[in-house]
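Please read the following explanation with the sequence and the 3D view side by side. It goes through aromatic rings, then charges over rings, then a sheet.

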Amino acid sequence: MTLRRAVAPALLAWAKTNGGKEFCAKAREKLVRGRKLDKWLEYTVSEKNLEDLQALFGHDERVVKATGVQLRKADLALRRTRFGIGLHQLLIAVDGPVISARARKRYDDRVSLLRVVQERAALRQVMVLVPQLDRECRLLEALELGPTSQVPPGSATETKSWPTYEAAIRAAAYWYPESLTRVPWEKEVASNALSGSKRWTMAQLEAFSRLVGMGLKEALQWTDALIRVAGPLSWTNQTPIADAGLATPWIDIPAQGSLESGELHCPADGVLLVENQTTFEHLRRNTDLTKTWLCVWLEGNISKGLIPFLRHINPRHVAAWCDLDPDGIEIVQSVENGLEREVLPVGMTPEIWANGTKLAEKKPEDHVTWQGAAAALAEHGPELLRPLAAAIATNGHRCEQETIQFETTPVVVRQLKQLVTSSGDVSMNPLTQLSLPQLRERTSMKWRTHPADVLPLWVAEMDVLPAPSVAAAVHEAITRGDTGYPAGTTYAEAVCDFAADRWGWHGLAVERTAVMPDVMMGIVEILRLLTEPGDIVVVCAPVYPPFYAFVTHAGRNVVEAPLGPDGRIDLAALDEAFARTQVFLMSNPHNPTGAVHTRAELEAVAALAQRHNVQVISDEIHAPLMLGDARFTPYLSVDDNAFALLSASKAWNLAGLKAALAVAGSGAAANLALLPEKVSHGPSHLGVIAHTAAFRDGGEWLDQLLAGLTANRALLEQLLAQHLPAVGYIRPEGTYLAWLDCTSLRLDTDPALDGPSVVSDIAGPARHFLNHGRVALSSGHIFGTGGTGHVRINFATHPDILTEAIIRMAESLNRLAT
């Protein structure tokens, strides 16, 4: 045994000088690379560091100079000093043994080979006891040993991942004997085969299924899995069961139970799968992502119910944010395979991995295992994640999601926004396609009534381009000179198909329809059929101002049945008003509150109408504009002795291309047939063409719009809470209009102007926000009783414009306070 001499403290002190520290590091690096001491160690030595070297090795330039150190001569010079040791011993004393890369590799290879032998022997011991695994056993025995555990070619598991292969083999080894007398439980097999774990990865389940040659539902008994979600998702079964958009902080949905009972509705931009709970909670608490994306916690793996759940809700996009390691990549791969569609990985790039904190492995050799798994995924994994897999394969280092979540969140949010708004994307938001300068070029009422420095959020026009199907239909008509008078029933047929598809209503009969110039003209013409001059028409105030103007202009009188404090129909008030009238003019959904009348509410209205012998005219111009999980109920589906007016005007922004459709219930068809012929001459032929195209082919664009409106509604709520907390607000369920209660602001309500008026009249809060905030809103007083002190805001605009408008309103109040 060779005894090493102790290194003198003075020499160790020298090694800590700048020159000594630099020399020791470079000399060790050279020796580790397998180089010897017989050559120059070339590097640039500063003047100060040269002095440190000369203090130990002397001033002989054949040993030390500004361009490096001759190691052999430096070794001899050091041995001649009072310290009496060589360079090797110095380097060992400073920073431990000097092991060359070649020697380290030989050692690592031996360790890896031993580990592979042990892993294969342990797995073979499991297989030899099960005759059905004899073929797999022989394949493994025939496989040559290598530095990493490899799946034998031809394995029935059809996987290239050793951990997945091993789990499938162990599960099958337990399953085969147990399945002879019963069907084993899934968790039972998992806990006995997966080292006590009860959780499978989807890749493990798929490999097991292929190995035993049976589908998972047939091979195993399953308990229902809970899926934790936060964001736009509702579960209903005639009545609401759960709403993940309203729940705090999240809800757990039973995967199988939610598919078998009721309906799931997911209006989100997409689904974001999040591997770890900490990151899931972070996104929910510290971002507004869950307003437009449904976030799903994976619990570290793909549960058995997730894929059927995702298939059922059929999200526009599926994205995943997982650990930056082979397991995280395999999760994305499993979801892609299960859904048979591409999954966008977010926050999972080689750059983020390189800068992230790496996980400390329990055993150094674990890096080799992860290197092998990553190398396989670099060749056969999801295409978008192969660069990340290749980076991990260089050293086997892993980076967990939680360690990088704060700095990576902005990247994730940006990637998701780019996904939604990318060119040609089917879920592009129509509300973000036009800038403010482009909108100011418009010549319509909305953009020309007020000066150019005003943001107009008043009249019900949307800031969108036409739906492509509508633009194409009108363009084609112009091109072929098809600009005559309207004819035929294509408009009614398109609305009929739309009603059946969207609302499940099959009671719209084409023969009980009539094309009208627009909704309000249709209402007036029907009123002339049902009433005489001086008769009373009931409305639920506050309500759409033209209800007052058009009814009184037709010589009829308006009586109000005010809405209740919750902004919904007050049946008691309606009952009292019905005693004085023959006609009820209803807004369904209600303008300006955005309330979507429930079937129960409409059935109650129908019962009152029948008792009082009142006929209902339902203005359903906003019917296609259902936000979130709101469901529209056509009034004629509960009362066949009534009329409804529908149009594409609001939902597809076609106010300038006039047309509407009057629909009669079976009990009112005779009256509709009495309409004078002149009424049919009023609609625009181009309007009918545009509206028909909208209802027939504009569904995809409408879905994109509704997603944008739902997002804007959430944005409006956030902005009001942040900047105008004193303003009252009831969330609109439909339309793109919100009713804001400004009474607590104590702004001038101008009592002299109270009462119904024309839509452009301004008073009270609306006048303040126009004059002092340069934001145009609809004045509440023109909507009748209950409107004073309120304003109606149109949020069908670019989110940036909506944001700027609310900020301006808040700043106008701040200036007023000072």
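Helix 8 covers residues 162–178, and both Trp162 and Tyr165 belong to it. They are 3 residues apart, which is about one turn of the helix. This is a predicted model, and the positions discussed here are read from it. Trp162 has a relative accessible area of 7%, so it is buried. Tyr165 is also buried, because its relative accessibility is 0%.

A second pair of rings brings in two helices. The ring centres of Tyr491 and Phe695 are 6.3 Å apart and the planes are at 35°, so this pair is tilted. Tyr491 is part of helix 23 (residues 490–503), while Phe695 is part of helix 29 (residues 685–697), so the pair ties together parts that are 204 residues apart in sequence. Is Tyr491 buried or exposed? Tyr491 counts as buried because its relative accessibility is 1%. For Phe695 the relative accessible area is 5%, so Phe695 is buried too. Both residues belong to one aromatic cluster, together with Phe498, Trp503, Phe632 and Trp652.

How many aromatic pairs does the count come to? The count comes to 15 aromatic pairs. Trp162 and Tyr165, the residues of helix 8, have ring centres 5.4 Å apart and planes at 45°, so their pair is tilted. The tilted label applies because 45° is neither under 30 degrees, which would be stacked, nor over 60, which would be edge-to-face. In general, two values describe a pair of aromatic rings: the distance of the centres and the angle of the planes.

Rings can also have a charge over them. Lys65 lies over the face of Trp40, and the distance from the ring centre is 4.7 Å. At Trp353, the charged end of Lys358 sits over the ring, 4.9 Å from the centre.

The last topic is a sheet. Here 4 strands form an open sheet in the order 21-22-25-24, and their pairing is antiparallel. Which strands stand at the edges? Strand 21 (728–729) and strand 24 (778–779) do, each with a single partner strand, so one side of each is left without a neighbour in the sheet. Strand 22 (residues 737–741) and strand 25 (residues 790–794) run antiparallel and are joined by 5 bridges. To follow one bridge by eye, start at Leu737: its bridge partner in strand 25 is Asn794.

Note on methods. Residues are numbered from 1 along each chain as its sequence is written. This is a predicted model: local features need pLDDT of at least 70, side-chain atom pairs count only at pLDDT 80 or more; totals for chains, interfaces and linings use all residues. Side-chain values use heavy atoms; hydrogens and water are left out. Rings of Phe, Tyr and Trp (its six-membered ring) pair if their centres lie within 6.5 Å; planes under 30 degrees apart count as stacked, over 60 as edge-to-face and the rest as tilted. Buried means under 20% relative accessible area, exposed over 50%, partly exposed in between (1.4 Å probe, protein chains only). A charge sits over a ring if NZ of Lys or CZ of Arg is within 6 Å of the ring centre and within 35 degrees of the ring normal. Two strands pair if DSSP finds at least two bridges between them.
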